[in-house]
Amino acid sequence: AFVAKELGWYLEFFHGARVEYFEVDRYAGYGSREKNAYALLDDVQSFLRKAGGIRASAGDDSDDDEHVRKMTNTDAGRVAIVMPPRMAAMAAMDDMQAKEVWNNTWSCTNALDRNWIHKRLQA
C-alpha cells in the first residue's frame, strides 16, 4: 500500500493526474467471484470515464500566450490504482472470507485474471 500511495502522490503532484485507489478487499461481499470482479470493474470504469478533466475555457481564443494555452488545455488524465488485499484486513477475516478476497479476480494472482482485466478495460 505504501508504494501505491507514493505512486499516486507522485502522479498527482508532478503530472496533475487524478488518482483514485480501489482496494480489492472492499469488493468481497457481492456474493460470487464474478459479481465481486464486475463490481470493482464498474467502479474503475466509471472513474476512468468521468468527463470534465480538461480545464479549457469555452471557446475563448483571445489569449495568444502559447504557454498559458498549453497549461489550460491539458488533461493529465486519470489513474486507477487497484490495491491488493491488505494482510491486516485479511487477518481479521474468517477463512472463507479471506479465501474469497485472495481469489478475487482483481488480486491478479494469475495470468488468466490479468488477461480478464485487460480485456474488460479495453472494451
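A salt bridge here is a side-chain nitrogen of Lys or Arg within 4 Å of a carboxyl oxygen of Asp or Glu. Asp113 and Arg33 meet that rule, with their closest N and O atoms 2.7 Å apart. The pair ties together distant parts of the chain: Asp113 sits in helix H6, Arg33 in helix H2, and 80 residues separate them. The model is a predicted one.

The two partners differ in exposure. Asp113 counts as buried because its relative accessibility is 5%, under the 20% limit. Arg33, at 39%, counts as partly exposed.

Now the overall layout. The protein has 6 helices and 2 strands. From the N terminus, the order is α-β-α-α-β-α-α-α. The protein has 123 residues, and buried ones make up 28% of them. Take the contacts with a separation of 6 or more: residues 24 or more positions apart account for 64% of these. The exposed surface comes to about 8500 Å², and carbon and sulfur atoms supply 55% of that area.

Helix H2 is a good place to enter the interior. The helix has 16 residues, which at 1.5 Å a residue should span 22 Å. Its end C-alpha atoms are 23 Å apart, and this agrees with the expected span. The buried residues of H2 are Asn36, Ala37, Ala39, Leu40, Leu41, Val44, Gln45 and Phe47. An α-helix has 3.6 residues a turn, so residues three or four places apart point the same way. What lies over the buried residues of H2? The cover includes strand S1 (18-23), strand S2 (78-83), helix H5 (95-102) and H6.

In soluble globular proteins, nonpolar side chains tend to be buried together. The largest nonpolar core in this model has 12 residues. Its members are Phe22, Val24, Tyr27, Ala37, Ala39, Leu40, Leu41, Val44, Phe47, Trp106, Trp116 and Ile117. Helix H2 (33-48) and helix H6 (111-122) each supply at least two of them. H2 gives the most, with 6 residues. A second, separate core has 6 residues, among them Ala17, Val19, Ile81 and Met83.

Tyr27 shows how one member of the largest core is placed. Set aside its neighbours within four places in sequence. Tyr27 is then in contact with Phe22, Asn36, Ala39, Leu40, Asp43 and Asn104. Of these, Phe22, Ala39 and Leu40 also belong to the largest core.

Back to charge. Side chains of opposite charge can pair when their charged atoms come close. The model has 4 salt bridges. Besides the Asp113 pair, Glu23 takes part in a network that links Glu23, Asp25, Arg26 and Arg86. Glu23 is buried, because its relative accessible area is 14%, under the 20% limit.

Which residues pair with Glu23? Arg26 is one of them, with the closest N and O atoms 2.8 Å apart. Arg26 is exposed, at a relative accessible area of 60%. Arg86 also forms a salt bridge with Glu23, and here the closest N and O atoms are 2.5 Å apart. This pair links distant parts of the chain. Arg86 is in the loop between S2 and helix H4 (87-91), Glu23 is in strand S1, and the two are 63 residues apart. Arg86 is partly exposed, with a relative accessible area of 32%.

The last stop is helix H1 (residues 2-15), the home of Trp9. Is Trp9 buried, partly exposed or exposed? Trp9 is partly exposed, because its relative accessible area of 44% falls between the 20% and 50% limits. Leaving aside neighbours within four places in sequence, Trp9 is in contact with Phe14 and Tyr21. Its C-alpha atom is separated by 8.2 Å from that of Val19, 10 residues apart along the chain. Val19 is a member of the second core.

Trp9 also contributes to the surface. Together with Leu7, Tyr10, Phe13 and Phe14, Trp9 makes a nonpolar surface patch of about 570 Å². Phe14 thus appears twice around Trp9: as a contact and as a fellow member of the patch.

Methods:
Residues numbered from 1 in each chain as written. Predicted model: local features only at pLDDT ≥ 70, side-chain atom pairs only at ≥ 80, totals over all residues. Heavy atoms only, no water. Core = buried A, V, L, I, M, F, W, Y, C linked by side-chain atoms within 4.5 Å. Buried < 20%, exposed > 50% of the residue type's maximum accessible area, 1.4 Å probe, protein only. Helix = DSSP H or I, 4+ residues; strand = E, 2+ residues; numbered from the N terminus. Contact = heavy atoms within 4.5 Å. Patch = residues over 30% accessible without salt bridge, like charges linked within 9 Å, V, L, I, M, F, W, Y side chains within 5 Å. Areas by Shrake-Rupley, 256 points an atom, 1.4 Å probe, with all protein chains shown as cover. Expected span 1.5 Å × (residues − 1).
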